[in-house]
Amino acid sequence: MPRSAPPPDWVLDRRRRIGAQIRAARLHANLTQEQVAHAVPMDRATYNRIEQGHAAALLDTLLLIADAIGVPLAELVR
């Protein structure tokens, strides 16, 4: 089975910006990565990859992260 093509650079850039917005919201809420990951639930390493923009999060995961941090989803993906 052939591998799918990697996403375009603009998608990777946007993923990193969304990760940075997630991190900023988490820090503003005085939460650790471990606390958010536990609430989602997922392991901290996976959560860290989302914040760093190294992993693409599903919409459901983004909704759970926004809820765990206590912000609207729109704040994380604007």
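Here are some notes on the structure above, which is a predicted model.

1. Start with the fold. The protein chain has five helices and zero strands. Read from the N terminus, the elements simply go α-α-α-α-α, so there is no strand to look for, since the count of strands is zero.

2. Next, the overall dimensions. The radius of gyration of the protein chain is 13 Å, which agrees with the value near 12 Å that a compact globule of 78 residues would have. If you prefer to think in boxes, the C-alpha atoms fill one of roughly 40 × 25 × 20 Å along the principal axes.

3. How much of the chain is tucked away? Of the 78 residues, 31% count as buried. As for the outside, the accessible surface comes to about 5300 Å², and carbon and sulfur atoms own 57% of that.

4. A word on contacts along the sequence. Take the contacts in the protein chain with a separation of 6 or more: 56% of them are between residues 24 or more positions apart. Point 7 shows a pair of residues 25 apart.

5. Now the charges. The protein chain carries 10 positive and 8 negative charges, and the mean positions of the two sets lie 6 Å apart. As for salt bridges, the structure holds two, and they are taken in turn below.

6. Look at Arg 17 and Asp 13. These residues form a salt bridge, with 3.5 Å between the closest N and O atoms. Both sit in helix α1 (residues 9-28), and because they are four residues apart there, about one helical turn separates them. How accessible are the two partners? Arg 17 is partly exposed, with a relative accessible area of 42%, and Asp 13 also counts as partly exposed, at 36%.

7. Then turn to Arg 26 and Glu 51, whose side chains meet in a salt bridge at 2.5 Å, N to O. This pair links distant parts of the chain: Arg 26 belongs to helix α1 and Glu 51 to helix α3 (residues 44-52), with their positions 25 residues apart. Buried or exposed, where does Arg 26 fall? Its relative accessible area is 6%, so Arg 26 is buried. Glu 51 is buried as well, with a relative accessibility of 4%; the cut-off for buried is under 20%.

8. To put the two pairs side by side: Arg 17 and Asp 13 lie within helix α1, whereas Arg 26 and Glu 51 connect helix α1 with helix α3. Arg 17 is partly exposed, while Arg 26 is buried.

Definitions and conventions: Residues numbered from 1 in each chain as written. Predicted model: local features only at pLDDT ≥ 70, side-chain atom pairs only at ≥ 80, totals over all residues. Heavy atoms only, no water. Rg over C-alpha atoms; globule rule 2.2 N^0.38 Å. Buried < 20%, exposed > 50% of the residue type's maximum accessible area, 1.4 Å probe, protein only. Contact = heavy atoms within 4.5 Å. Areas by Shrake-Rupley, 256 points an atom, 1.4 Å probe, with all protein chains shown as cover. Lys, Arg positive; Asp, Glu negative; His and termini not counted. Charge placed at Lys NZ, Arg CZ, Asp CG, Glu CD. Salt bridge = Lys/Arg side-chain N within 4 Å of Asp/Glu carboxyl O.
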